[in-house]
Amino acid sequence: LIVRLTSTITLDLEFNNAFILTYLSFTTPRTFFLKLVERYSVPPKHASAEEALVIQLRVCEVLRTWIETRHADFSHDLVADVVEFVDKYLMKDDASFVIAQQIRRTIIKRICNAKTNAGSAHRTPRRGSLYRVASDPGKSTGTGSLLVNTQMNTGLSTSAIPLSSITAPSQTISSPNLQHVPISSVRTSLKDPLPSSVFGYDTKQVAQQLTLLEYRLFSEIQSTEFLNQSWTNPESQHLASNVLAVISRFNTLSLWVVSCILEPLRVKQRSSRFEFFLRVADHLRDVNNFATLMAILSGLNQSAINRLKFTKSHLHKKSVQNLASLEKLMSADSSYKAYRDTLNNAKPPCLPY
């Protein structure tokens, strides 16, 4: 496989990209790197001087592409070995000097910066801190669409969205579907008291905040996490930590919906909360957040909620129609045909289920 990657006859970029994407399913990053080093030092009896030069340049290109596209594969020790290899061999060779400089810049840009930013990007926001929706990237506070991040205890609560294990997004999302909503729609003044529960906020605001949180998790997923369905095997689940985080959030959100609806003792209040989540789900459909939409529908279709006949009898006719429409969209019939058609025709950005 290494010989094919660095062939002197053909340059198969499709094969190279497929190998870099899937190599973790049968080897380790260190073994891959050591094999590249061995290939770079090809013995003279196995190749002419011209062929050896081509092989060395191909090794450099594979190494650069690997670092550029899969920088998360490199541990601290492996980065040190790569830098040593570049300084000891590539920088001293006139033929590979230029690409050696590119590799060094790529290491600094992709690996060093990524590891530095990881510490700050995953810090949990303080209690009472505010999340900003992408409406004015140039301003950090004051005029954005805001929602309070209240910390959770061990159990589910309706005083805030139970997302204590999820950090606030460090970047903003520009989308025509995530429009700016004036802060006055949430609080008429910064001196006004905050709502006592999530049900005191506008449903569009809640949908936007859920979308930003979902995006934060979704954007962390690496393509290699889907190899061999690693998240299903206890021995390889560490290779799909971000996929597991998305699954855990889905389950937490679904159970939270159930808990919120079942908490009130009065039927009218239960139906009011049921309709609240339906309105949130409708807004989620508008912004193409099908992942969180499915999580809410999953909660609304739990057996503990399905048995609430009196609660559902108090729903308005429009809410019943909205529920039917959402369930039809996310129905599993014909392998989710309605959802797949909608996803294919949706205008990005999207958060798929």
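Hi everyone, this is a short tour of two nonpolar cores, one helix and one helix pair in a predicted model.

A little housekeeping. Residues are numbered from 1 along each chain as its sequence is written, and side-chain values use heavy atoms, leaving out hydrogens and water. Since this is a predicted model, local features need pLDDT of at least 70 and side-chain atom pairs count only at pLDDT 80 or more, while totals for chains, interfaces and linings use all residues.

Let's start inside. The largest nonpolar core (buried Ala, Val, Leu, Ile, Met, Phe, Trp, Tyr and Cys joined through side-chain atoms within 4.5 Å; buried is under 20% relative accessible area with a 1.4 Å probe, protein chains only) has 34 residues. Phe-277, Leu-293 and Leu-300 have the most contacts inside it. Two or more residues each come from α7 (203-218), α8 (241-262), α9 (267-286), α10 (290-300) and α13 (317-329), helices being DSSP runs of H or I, at least four residues, numbered from the N terminus. Another core, of 31 residues, lies apart from it and includes Val-42 and Val-62.

Now α10: 10 of its 11 residues are buried, including Leu-293, Ile-296 and Leu-300. Those buried residues pack against α7, α8, α9, α11 (303-306), α13 and α14 (333-345), with contact meaning heavy atoms within 4.5 Å.

Finally, how do α2 and α4 pack? Helix α2 (residues 13-22) and helix α4 (residues 49-69) meet at an angle of about 50°, their axes 11 Å apart; axes are lines fitted to C-alpha atoms over the stretch in contact, and angles run from 0 to 180 degrees between N-to-C directions. On the α2 side, Asn-16, Asn-17 and Ile-20 meet Val-62, Thr-65, Trp-66 and Thr-69 of α4. Thanks, everyone!

Key:
Buried means under 20% relative accessible area, exposed over 50%, partly exposed in between (1.4 Å probe, protein chains only).
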